[in-house]
Amino acid sequence: MAQVEATTERIIAADAEAVFDALADYKDVRGKVLPAHYSEYEVREGGDGEGTLVHWKLQATSKRVRDCLLEVTEPTDGQLVETDRNSSMVTTWTVTPAGEGRSKAVVTTVWNGAGGIGGFFEKTFAPKGLARIYDELLANLAAEVEN
């Protein structure tokens, strides 16, 4: 099993603190900025960063749907980590200042891919597909927080 990784980043015209706070707000903001690939969104515990437990289904392709139950931690300032209880998937969101009134948001997801030929295709195509989904999510987040 090879590890698969997808990374996307975006410069957002808002302070890093505002972007991080919006991203960590699973109760009000996160559900609003998720693209149509997400369904059955539900905050089960918490709702603001560390200690949140959130559920959703992610339809990565027409045939591939992941049922995700994510525990949220904040290991360092400006960083959210979502660890899926249902799989090996871990998503890390990092928000850093990028100049006056701007920030850089980076999202990286890693998981243990399948073996064999299926794993080859997963490692080749899944990161690109997930990057498109995250790009849309970050665009929605930017629209939510930009002044």
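**Sheet, helix and cavity in a predicted model**

Helix H1 (residues 16-24) lies across S1, S5, S6 and strand S7 (103-112), and runs at about 155° to S6. The model described here is a predicted one, and the strands that H1 crosses offer a handy way into its sheet.

That sheet is open and has 7 strands, paired in the antiparallel sense. Read from one side to the other, the order is S1-S7-S6-S5-S4-S3-S2. Strand S1 (3-12) and strand S2 (38-45) form the edges, each pairing on one side only. From one strand to the next, the twist averages 20°.

Within this arrangement, strand S4 (residues 65-73) and strand S5 (residues 79-84) make an antiparallel pair over 4 bridges. For a landmark along the pairing, one may look to threonine 73, whose bridge partner in S5 is valine 81.

Attention now turns to the interior space. The count comes to 1 cavity of 30 Å³ or more, and the largest cavity holds about 70 Å³ of space. Its lining is made up of Arg30, Tyr38, Trp56, Leu58, Leu70, Glu82, Met89, Thr91, Trp93, Tyr134 and Leu137. By class, 8 of these lining residues are nonpolar, 1 is polar and 2 are charged. Which elements each supply at least two residues of the lining? Two are strands, S3 (53-59) and S6 (90-97), and the other is helix H3 (116-145). Strand S6 thus appears in several parts of this picture: S6 has its place in the sheet order, is one of the strands that H1 lies across, and supplies at least two residues of the cavity lining.

Technical notes
Residues are numbered from 1 along each chain as its sequence is written. This is a predicted model: local features need pLDDT of at least 70, side-chain atom pairs count only at pLDDT 80 or more; totals for chains, interfaces and linings use all residues. Side-chain values use heavy atoms; hydrogens and water are left out. On a 1 Å grid over the protein atoms alone, a cavity is a set of points where a 1.4 Å probe fits but cannot get out, and a pocket is an open set with protein on both sides within 12 Å along at least five of seven lines; lining residues have an atom within 4 Å of a point. Grid points are joined across faces, edges and corners, and a volume is the space filled by probe spheres set on the points. Ala, Val, Leu, Ile, Met, Phe, Trp, Tyr, Cys and Pro count as nonpolar, Asp, Glu, Lys and Arg as charged, and the others, Gly among them, as polar. Two strands pair if DSSP finds at least two bridges between them. Axes are lines fitted to C-alpha atoms, for helices over the stretch in contact, and angles run from 0 to 180 degrees between N-to-C directions. Contact means heavy atoms within 4.5 Å.
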